Amino acid sequence: SSPGPGSIFASVDLSNPDQATFVLTDGTSFVVPRINAPTLSFPDLTDNAVTIPNDGTPVVVSYTPSANVTNVVIGGQLPTGMTATVNTTDNTITLTSTVTGSADVLVVVTGQNGTSANYVLNVTAEEAPPTPVTLTELQAAIDAAEEGDVIVLAAGTETLTTTIEVNKAVTIQGAPDQGTVIQISGLDFEAFNISAAATIDG
């Protein structure tokens, strides 16, 4: 660019993102490093939003730092039961939660020459889906369940050899797309003895 009338500068070259080149009217030139704010991006997220389960299962979020980033830390206070841990070696943030709800996780980025920038991850912790059980594990799952629980059967084909006692108001679901197939071994027993307001779905 060209400075205005009366300036001692003949031109200023800002084409290099890392430095500015000044040329004086007498032909002398010098270079000044440009101080750019550090930046982060989260390539796998949309609008910096991420959903995690509330059973403590870790969810790893990758970030891409600009070349001038020197450190990344978590700032502020997180809700009780939620954690966020930065690994600057592999450029990841690991999120966990044992509670449901939403929180804004502040990510503080430090750059060269004391520059810094803040980013916010919008984290939502939702009820974790139930862990699928096999047919042989189903009776124990019913016995351990509370009223209103959902029990999900694992996908696959299994053979039932004894009656399943369903004495609680639970919901028993098969795997999606009719992925659970139950075969009955013999005809001398009933598959399910339902003595409560239970639901068998799929």
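This passage describes the overall dimensions, two strand sheets and selected loop residues of a predicted model.

The model is predicted, and local features are reported only at pLDDT of at least 70, side-chain atom pairs only at pLDDT 80 or more, while totals for chains, interfaces and linings use all residues. Residues are numbered from 1 along each chain as its sequence is written, and side-chain values use heavy atoms, with hydrogens and water left out.

The chain contains one helix and 19 strands; helices (H or I, at least four residues) and strands (E, at least two) are DSSP runs numbered from the N terminus. Its radius of gyration is 30 Å, whereas a compact globule of 202 residues would have a value near 17 Å. This radius is taken over C-alpha atoms, and the globule rule is 2.2 Å times the number of residues to the power 0.38. Along the principal axes, the C-alpha atoms occupy a box of roughly 105 × 30 × 30 Å. Of the 202 residues, 31% are buried, where buried means under 20% relative accessible area, exposed means over 50%, and partly exposed lies in between (1.4 Å probe, protein chains only). The chain exposes about 11800 Å², and carbon and sulfur atoms supply 50% of that area. Accessible areas come from the Shrake-Rupley method with a 1.4 Å probe; for residues, only the protein chains shown count as cover. Among contacts with a separation of 6 or more, 52% join residues 24 or more positions apart, a contact being heavy atoms within 4.5 Å.

Strands of a sheet pair through backbone hydrogen bonds, in either the parallel or the antiparallel sense. Here two strands are taken to pair if DSSP finds at least two bridges between them. One open sheet consists of four strands in the order β5-β12-β11-β8, with mixed pairing. Strands β5 and β8 (69-75) stand at its edges with a single partner strand each, so one side of each has no neighbour in the sheet. On average, neighbouring strands of this sheet are turned by 30 degrees against each other, direction ignored. The axes are lines fitted to C-alpha atoms, for helices over the stretch in contact, and angles run from 0 to 180 degrees between N-to-C directions. Within the sheet, β11 (residues 101-111) and β12 (residues 116-126) run antiparallel and are joined by ten bridges. Val 105 has Leu 121 in β12 as its bridge partner.

A further open sheet has three strands in the order β6-β10-β9, with antiparallel pairing. Its edge strands, β6 (59-62) and β9 (82-87), each pair on one side only. Neighbouring strands in this sheet are turned by 20 degrees against each other on average, direction ignored. Six bridges connect β9 with β10 (residues 92-97) in the antiparallel sense. Val 86 stands opposite Ile 93 in β10, and Asn 87 is placed opposite Thr 92 in β10. The two strands β9 and β10 form a hairpin with four residues between them, and Asn 91 in the turn has a positive phi of about 60 degrees.

Most residues other than glycine have a negative phi. Positive values also occur in the loop between β4 (40-41) and β5 (49-53), where Asp 47 is located. Phi of Asp 47 is near 55 degrees, and this residue is exposed, with a relative accessible area of 67%. Asn 48 lies in the loop between β4 and β5 and has a phi near 55 degrees. The relative accessible area of Asn 48 is 22%, which makes this residue partly exposed.

The loop between β14 (156-160) and β15 (164-166) holds Thr 163. The side chain of Thr 163 reaches the backbone oxygen of Glu 190 at 2.6 Å. With neighbours within four places in sequence set aside, Thr 163 contacts Gln 139, Phe 189, Glu 190, Ala 191, Phe 192 and Asn 193. Thr 162 is found in the loop between β14 and β15 and is partly exposed, with a relative accessible area of 47%. Under the same exclusion of neighbours within four places in sequence, Thr 162 is in contact with Phe 189 and Ala 191. The C-alpha atoms of Thr 162 and Phe 192 are 8.9 Å apart, with these positions 30 residues apart along the chain as a sequence separation.

How values were computed: Polar contact = N/O pair within 3.5 Å; in protein donor to acceptor, adjacent residues only side chain to side chain.
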